[in-house]
Amino acid sequence: LLQSMDSHPEQIALRPKEFFCSSDIEVLTEMQVAAVDIKNKTAVFKDGFKMEYNKLLLAMGSTPKALSCKGKEVENVFNIRTPEDANRVVRLAASKNVVIVGASFLGMEVAAYLSERAHSVSVVELEEVPFKKSFGERVGRAVMKMFESNRVKFYMQTEVSELREQEGKLKEVVLKSGKVLRADVCVVGVGAVPATSFLKQSGINIDSRGFIVVNKMMQTNIPGVFAAGDAVTFPLALRNNKKVNVPHWQMAHMHGRVAALNMLAHGAELSTVPYLWTAMFGRSIRYTGHGEGFDDVVIQGDLDELKFVAFYTKSDEVVAVASMNYDPIVSKVAEVLAAGRAIRKRDVE
């Protein structure tokens, strides 16, 4: 989505409206489910409308976290949720000062996209380098350098203490460090939480972080109720069925497919290897596996030249791989992991 922030919804829709009509799929928009009644197999809507189901799929995704600082209701502060949000940010950012809060994938992709269009782009982040949790410090630093050479400024290990306005519109972003940044537009990318609070009393199993727990069939603890996408934790085959959350497009796509097959009693198990890519400044970063909890990183190639591959290991096993301008290695690794074969640390050293 964010590779092009001026896309229109029609351009990026997976299916045109006609598809739903001709396939006899009823699409209800601007309707919100307020509760699920598992005893009576009913979804209860906010306006009191009720709908019975035989099978139910929960795929609500997440809600972005908001800033909790002073002045958070000032105009021109955005969470990017829709193509319209992205379009507005691009329009407002032209030749203006942009501050991005959070060096997340969203934050960094927006920063890259706006760097040529805005007058200035600044990124504010609590960690010491971007992507530290996913890519480790050395890769994070190399990516940060690439951004800096494209005029993006970083304010690390600090957070926003206040948003200041002038005539109702954002004018300055004040940091805890005392620094004051000029800002016409602010984009907030400080993470998201699963949009599951309406299920709290439902009896559907939700973990302590709010994720819906499913098995390999994408089924919840309640027969006939399935869940998919960013709001679930599921067993990941390549990490000994550890329950994980992988909020990426490719994974949601597979979740939906596996859930649908099981809802239609065709029986299918999720065995996909996570794979993601992103492009920034015309360079693509590819990533496969699940690196959570890695304890070492083995790097080959040249970080300064931004042509490298990084192997993330946990004790003796490679659990994830990231690369930049070093294809097709990540796809090859994904194939090996998908075949159920382990890659040892000594194999890559």
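The exercises below concern salt bridges and annotated domains in a predicted model.

**Exercise 1.** Determine how Lys345 and Asp296 are paired, and what the pairing links.

Step 1. The closest N and O atoms of Lys345 and Asp296 are 2.8 Å apart. The cut-off for a salt bridge is 4 Å, and the pair forms one.

Step 2. Lys345 belongs to helix α8 (residues 345–348) and Asp296 to strand β21 (residues 296–302), so the salt bridge ties together parts that are 49 residues apart in sequence.

Step 3. The relative accessible area of Lys345 is 16%. Buried means under 20%, so Lys345 is buried. Asp296, at 30%, is partly exposed.

**Exercise 2.** Locate Lys176 and Glu159 in the secondary structure and classify the accessibility of each.

Step 1. A salt bridge joins the side chains of Lys176 and Glu159, with an N to O distance of 3.5 Å.

Step 2. Lys176 sits in the loop between β11 (169–175) and β12 (180–182), while Glu159 sits in the loop between β9 (152–156) and β10 (160–166); the pair therefore ties together parts that are 17 residues apart in sequence.

Step 3. With a relative accessible area of 55%, Lys176 is exposed. Glu159 has 35% and is partly exposed.

**Exercise 3.** Give the N–O distance between Glu127 and Lys133, then classify both residues as buried, partly exposed or exposed.

Step 1. The closest N and O atoms of Glu127 and Lys133 are 3.1 Å apart, and the two residues form a salt bridge.

Step 2. Glu127 has 26% relative accessibility and counts as partly exposed.

Step 3. For Lys133 the relative accessibility is 68%; the cut-off for exposed is over 50%, so Lys133 counts as exposed.

**Exercise 4.** State how many salt bridges the model has, and which residues are linked in a network with Lys70.

Step 1. The count comes to 13 salt bridges.

Step 2. Lys70 is linked with Glu162, Arg164 and Glu172 in a network of salt bridges.

**Exercise 5.** Describe the helix and strand content of the two spans that UniProt annotates as domains at residues 22–256 and 275–346.

Step 1. An unreviewed UniProt entry places "domain: FAD/NAD(P)-binding" at residues 22–256. Over this span the chain is 20% helix and 31% strand, and the end C-alpha atoms lie 20 Å apart.

Step 2. The feature "domain: Reductase C-terminal" is placed by UniProt, again in an unreviewed entry, at residues 275–346. Residues 275–346 are 17% helix and 50% strand, with end C-alpha atoms 23 Å apart.

Methods
Residues are numbered from 1 along each chain as its sequence is written. This is a predicted model: local features need pLDDT of at least 70, side-chain atom pairs count only at pLDDT 80 or more; totals for chains, interfaces and linings use all residues. Side-chain values use heavy atoms; hydrogens and water are left out. Buried means under 20% relative accessible area, exposed over 50%, partly exposed in between (1.4 Å probe, protein chains only). Helices (H or I, at least four residues) and strands (E, at least two) are DSSP runs, numbered from the N terminus. UniProt positions are given in the numbering used here, feature names are shortened, and annotations may be inferred rather than shown by experiment.
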